[in-house]
Amino acid sequence: MLVLMSIKTFSQNYAISEIPEELKKDANYVVRNITSEYLIKAENSIELKKKIIISILNKAGDGGSYVYIPYDKYSKISDVKIKVLDENGKQIGSYSKSDLNDVGQSNDAYLYSDDRALRMRIVQPVYPYTIETSYTERSSDTVFLPVLQPYMDENVSVQNWSTEFKNESGIRLRKKITETFFGKPEISESDNFIKASFKNIPAYKEENYSPDYRTVVSKVEFALDKACLKGVCGDFSNWNSFAGWYKGLLEPVSVITPEIQQEVNALNLTGTVSEKVQKIYQYMQSKTRYVFVAIGIGGWQPMSADDVRRKGYGDCKALTNYMRVLLKAAGIPSYYSIIYSDKTTKIFDKDFPKMDGNHVILCVPTESGNIWLENTSQNIAFNHLSYQTMDRNVIMVKDNAAELADTPKTLSENNKEILRIKAAISADNTLQVSSSFGFSGGMYDMFLPLISLSPADQKDALKRRYDYLQFSNIDLTNLTNDRNEAKINFDLSFKAENYSKSLGSDIYFRAIPFLDSDFHLEGTDRKLPIEIPFGFTDDYEIEYTIPESYKFSETLSPVKIDSEFGSFSMEFIPLDKKLLVKRKFMLKKGTFPPDKISEYISFRKKTNKIDHTKILITKL
């Protein structure tokens, strides 16, 4: 008995001195212990006992001082206990459920949401200290079992983090392990029991241009073959049964009412399938706007198509389903497609069906290929997906079947910025520019927000983007959004002060007025891969005119660089009293191992240095 007591006493010792030194390195707070103990009683009944113990080491770790317990009307929180411990592990404070604020999780982007949370911040003036939180949750939702992934934030280390299941339901509980260099899970299991844990994970330090942590840190996923969501239960043992469950959500909200049929008839559709789809799509865009709705099953079931017709708004699910029903009324089949939208690609696993995804788009099959529709934007072009939804797969919900289908691939040569500039250098060191910009592919997405701004805000946005040019005036004209070809064009004229510099009686200036100033990466001591989530091509031509009393002092040689990361070239072509500068830069999308960091930095520094090439003009 004495031995058991001593073990228990040791296990509950949360003095800061008990944290291994290697876990204190680079850490602002330490996850001492997170345990999630689940009891699965039935497909619609699950109980969680959770304990979270976090040691805050310094003021920068205050982000770990928030107690946050989410819930909704399908779950019940009880037995909330919060303790505050000093540096030696001695209790110096306590709180209960009544001390927490009960708050909604809505924000300005939400129209309706019934998600709530119990939350408070523990304010403690003396560091370090420890917060121990425990509570019980009972829920009828079993479809979203936790993903065990030992990451909470940058500069946070993990001493112990575990999830375990006792399964009394008789339903098969599946697991999937994704192991990377960052964290190795320990698994123990028996007939109706699974426990997964991670131990002694050092602090994760963010590094520029690294992938999302969800693809870097090891994880263990869990899923039940039969589960419930907001009172709607189904079979999730394979993707086809998942599609059958989802179809059950869609059918009640997909009725072609007489009013919807009348809408479609009034469009007088003619031409090819693609032309009909485009006309319906742009009609839908003209009468709807995006808002987020998540009440009960509404997090996954769209509001009815007729409600969208009447109200003129909806979230991605509602707008996508409304578009699907409009097409159905026109006799055109289309497929509601669940996707994971993010800069880092996430792929659905054909061998591990589970509820997942954070967005919905629509696929319309035609004889000439699939048409893909993003339905949440009033301005986006027809049959155009952003780079955050390309290069991945979707769960396409068909009649009693699901298809894991790939979205289009994004190519650097299609994500293009075309820039044509006429630039006049003045003897007083000002730069007078008239320029034409063209954006297509993924670059179209980057500039699409410009379309919805007021003229004054459009100018301000461009001033901020090119703030290094010190505009004294700016004129933006001919801004167009080609929603048929996914192209944005505009003309920009401006005068910039002090662009050139005097060198005695001579003048010098930078070869490229508009620069990509976003790249900042130093150091070669890197642990994480390098991710280039978006590949693009710049095609610039700048025609310089100089004062009559000056001449170009030298002819600059052309430069060309080829790399596994992309390519770069610049030419300097004399044209009598003018100089034509041609620049092409192509960056490839991809993920590269950490040992490539020196090569990548070298490539970007070389191109940046050439962009800053100085052109000298001499006074006659």
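Lys560 and Asp562 are both exposed, and their side chains still meet in a salt bridge, at 4.0 Å from N to O. This is a predicted model, and by the rule applied here the count comes to 41 salt bridges. Side chains of opposite charge can pair when their charged atoms come close.

A second charged pair sits in another setting. Arg583 forms a salt bridge with Asp538, with the closest N and O atoms 3.2 Å apart. Here the pair ties together distant parts of the chain: Arg583 belongs to strand S36 (residues 578-587) and Asp538 to strand S32 (residues 536-545), 45 residues apart. Both Arg583 and Asp538 are buried. Then there is Glu403, which bridges to Lys398 with the closest N and O atoms 2.5 Å apart. Glu403 has a relative accessible area of 33%, so it counts as partly exposed. Lys398 is partly exposed too, because its value is 24% and the cut-off for buried is under 20%. Salt bridges also join up into a network, one that links Lys41, Glu47, Lys49 and Arg138.

Turning to the nonpolar side of things, the largest core has 90 residues, and those with the most contacts inside it are Phe490, Phe494 and Tyr544. Helix H8 (residues 316-329) gives the most to this core, with eight residues. The core also crosses a domain boundary, drawing at least three residues from each of domain 2 (238-406) and domain 3 (412-619). In soluble globular proteins, nonpolar side chains tend to be buried together. What does Phe490 touch once its neighbours within four places in sequence are set aside? Its contacts are Ser435, Ser436, Phe437, Phe439, Phe447, Leu450, Leu462, Leu476, Thr477, Asn478 and Leu479. A second, separate core has 66 residues, with Tyr29, Ile77, Phe236 and Phe242 among them.

Back to H8 itself. The helix has 14 residues and reaches 20 Å from its first C-alpha to its last, close to the 20 Å expected at 1.5 Å a residue. H8 is mostly covered, with 13 of its 14 residues buried. After H8 comes Gly331, whose phi is positive, near 80°.

Aromatic rings turn up in pairs as well, and the structure holds 38 of these. Tyr127 and Tyr129 make one such pair, tilted, at 5.8 Å centre to centre and with 40° between the planes. How far is each ring covered? Tyr127 counts as partly exposed because its relative accessibility is 28%, whereas Tyr129 is buried, at 1%. Another pair is made by Phe585 and Phe603: their ring centres are 6.1 Å apart and their planes lie at 40°, so this pair is tilted. It links distant parts of the chain, with Phe585 in strand S36 and Phe603 in helix H11 (residues 597-611), 18 residues apart. Phe585 is buried, and Phe603 is buried as well. Strand S36 thus appears in two of the pairs described here, through Arg583 and through Phe585.

Ring pairs also build up a cluster, which takes in Phe144, Phe236, Trp239, Phe242, Trp245, Tyr246, Trp300, Tyr336 and Phe348. Two of these residues, Phe236 and Phe242, are also included in the second core.

Definitions and conventions. Residues are numbered from 1 along each chain as its sequence is written. This is a predicted model: local features need pLDDT of at least 70, side-chain atom pairs count only at pLDDT 80 or more; totals for chains, interfaces and linings use all residues. Side-chain values use heavy atoms; hydrogens and water are left out. A nonpolar core is a set of buried Ala, Val, Leu, Ile, Met, Phe, Trp, Tyr and Cys residues joined through side-chain atoms within 4.5 Å. Buried means under 20% relative accessible area, exposed over 50%, partly exposed in between (1.4 Å probe, protein chains only). Helices (H or I, at least four residues) and strands (E, at least two) are DSSP runs, numbered from the N terminus. Domain bounds come from an automatic or database domain assignment. Contact means heavy atoms within 4.5 Å. The expected span of a helix is 1.5 Å times one less than its number of residues. Rings of Phe, Tyr and Trp (its six-membered ring) pair if their centres lie within 6.5 Å; planes under 30 degrees apart count as stacked, over 60 as edge-to-face and the rest as tilted.
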